[in-house]
Amino acid sequence: MSTTNSATIAQDIQRQTRPHDHNRADLDFRRPMPRPKVRGPVIDFHCHLLANRHATDWFDAAAHYGIDCFLSMTPLEEVVGLLRDWGRTDDNPARLQFIAVARWGDALTQQAWVDDFLVRLEAFYNLGSRIVKFHSAPGTMVARGLRLDSPLLCRVFDEAVSRKMAIMTHLGDPDTWYHGKYTDTAKYGTREEHYQMWEGVMRQYPGVPWVGAHMGGNPEDLGRLQDLLDRYPDLVLDCSATRWMVREISARRDAAREFFIRNQDRILFGSDQVSGDDRGFDFLASRFWAHRKLWETAYVGPTPIFDPDLPEDQQPVLRGLALPDVVLQKIYHDNPVRFLAKVGMTVGGWG
Ligand SMILES: [Zn+2]
């Protein structure tokens, strides 16, 4: 018994003193890693640099891991400062660009929130954005009382499409959440209903370039994603969200690798990195590290990032896809450049 007790105490101490939940493997994130084998800048198509005061650590970590350009969902209030201080360098005139987003958080009536979204859309457009994000995860739709296909939101879709902008949608969420916090289907609906709703909206806007965030919100079901890609030629998927992708791509590694190779023209790299006041170099580095191991290498081993969706003793093993160079070239660079060109986003120097 005393052995068990002291082992438990040692674990407790270790848990208290370990470097948080982003470096469980005790890595030195500052060790050099070669840049991705890509011609031209590497583009992170889905991220959240939330404030100018986070940018120094952000760009340090990004430079270390060879990530050059960002399509960020930043609150409008922070955009001008970021553009002024970090928007371009002499050799990278489009380092930081923005995806138009609604106001997040605190309560407004639905009508006022949509009116505010339209004002923000115009402001983002005037600052160069040509893509708008709709966050319609199950929890968000319930919290806001607005479905993706609600007539109020239709005003924002119409405005974006009349401006010839592209659309990004977050539909779905991890299976672990559908089996956890969304089990009250009377309140949240079912995954099937959510995807029918999404398809209904996509059918209203044929020809509009469209990004399905986080592997269309369902990396657990590659068959569903293939069906969507086959039936909606304007749809591409971003592979953002670190813990979700590490867990679910690794869990079906061989099928996922086949999927990426088969659909190599339809996938954009994204990290879903989110900056924060308590997120320094190592936290930010952990996300870039995990993505690069997952897409580029045949690494099989522990992930440095704790996955709160799984118990402590069932943490995922990261299984890298070791994607062929030609596929990496497309997801890191060629596909995002081609997608942005469709909506006339300036990609000077990105050719
Ligand atoms: Zn995101």
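## Strands β6 and β7

In this predicted model, strand β6, spanning residues 210-212, and strand β7, spanning residues 235-238, pair in the parallel sense over 3 bridges. Two of the residue pairings can be named: V211 has V236 as its bridge partner in β7, and the bridge partner of G212 in β7 is L237. L237 also stands opposite I267 in β8, a strand with which β7 pairs in the parallel sense over 2 bridges.

The surroundings of β7 can be described face by face, since both of its faces are covered. L235 and L237 lie on one side and V236 and D238 on the other, and these four residues are all buried.

## The five-stranded sheet

The pairs just described belong to an open sheet of 5 strands, arranged in the order β4-β5-β6-β7-β8 and paired in the parallel sense. Its edges are formed by β4, residues 131-136, and β8, residues 267-268, each of which pairs on one side only.

## Helix α11 and its two sides

Helix α11 runs over residues 222-231, and within this helix L222, L225, L228 and L229 are buried. These residues lie on the same side of α11, because the arc that they cover around the axis is only 120°. On the other side of the helix, G223, D227, D230 and R231 are exposed.

The packing partners of the buried residues of α11 are α10 (213-216), the strand β7 and helix α13 (253-262). Nonpolar side chains tend to be buried together in soluble globular proteins.

## The largest nonpolar core

The largest nonpolar core contains 86 residues, and the members that touch the most other members are I99, A100, V132, L268, F288 and L294. The element that gives the most to this core is helix α14, residues 281-296, which supplies 8 residues.

F288, one of the residues that touch the most other members of the core, is in contact with A61, A62, Y65, I67 and S271, when residues up to four places away in sequence are not counted.

## The three-stranded sheet

A further open sheet consists of 3 strands in the order β1-β2-β3, and here too the pairing is parallel. Strands β1 (43-47) and β3 (96-98) stand at the edges with a single partner strand each, so one side of each is left without a neighbour in the sheet. From one strand to the next, the twist averages 20°.

Within this sheet, strand β2, residues 69-72, pairs with β3 in the parallel sense over 3 bridges. Among the residues involved is S72, whose bridge partner in β3 is F98.

## Packing of helices α4 and α6

Helix α4, residues 110-126, packs with helix α6, residues 151-162, at an angle of about 10°, and their axes are 9 Å apart. The two helices therefore count as roughly parallel to each other, given that angles under 35 degrees are placed in that class. On the α4 side, the contact is made by Q110, Q111, V114, F117, L118 and L121, and on the α6 side by L152, L153, R155, V156, E159 and A160.

## Individual loop residues

Two residues other than glycine are notable for a positive phi value: K164, with phi near 60°, and A322, with phi near 45°. K164 is found in the loop between α6 and β5 (166-171), and this residue is exposed, because 12 other C-beta atoms lie within 10 Å. A322 is found in the loop between β10 (317-319) and α15 (325-342), where, with 15 C-beta neighbours inside 10 Å, A322 counts as partly exposed.

A third loop residue, G128, is found between α4 and β4. With 14 C-beta neighbours inside 10 Å, G128 counts as partly exposed. G128 and Q315 are separated by 187 residues in sequence and, from C-alpha to C-alpha, by 41 Å in space.

Notes: Residues numbered from 1 in each chain as written. Predicted model: local features only at pLDDT ≥ 70, side-chain atom pairs only at ≥ 80, totals over all residues. Pairing = 2+ DSSP bridges. Buried ≥ 20, exposed ≤ 12 C-beta atoms within 10 Å, placed from the backbone. Arc of directions from axis to C-beta. Contact = placed C-beta atoms within 7 Å. Core = buried A, V, L, I, M, F, W, Y, C linked by C-beta atoms within 7 Å. Axes fitted to C-alpha atoms, helices over the stretch in contact; angles between N-to-C directions. Parallel < 35°, antiparallel > 145°, perpendicular 65-115°, else oblique.
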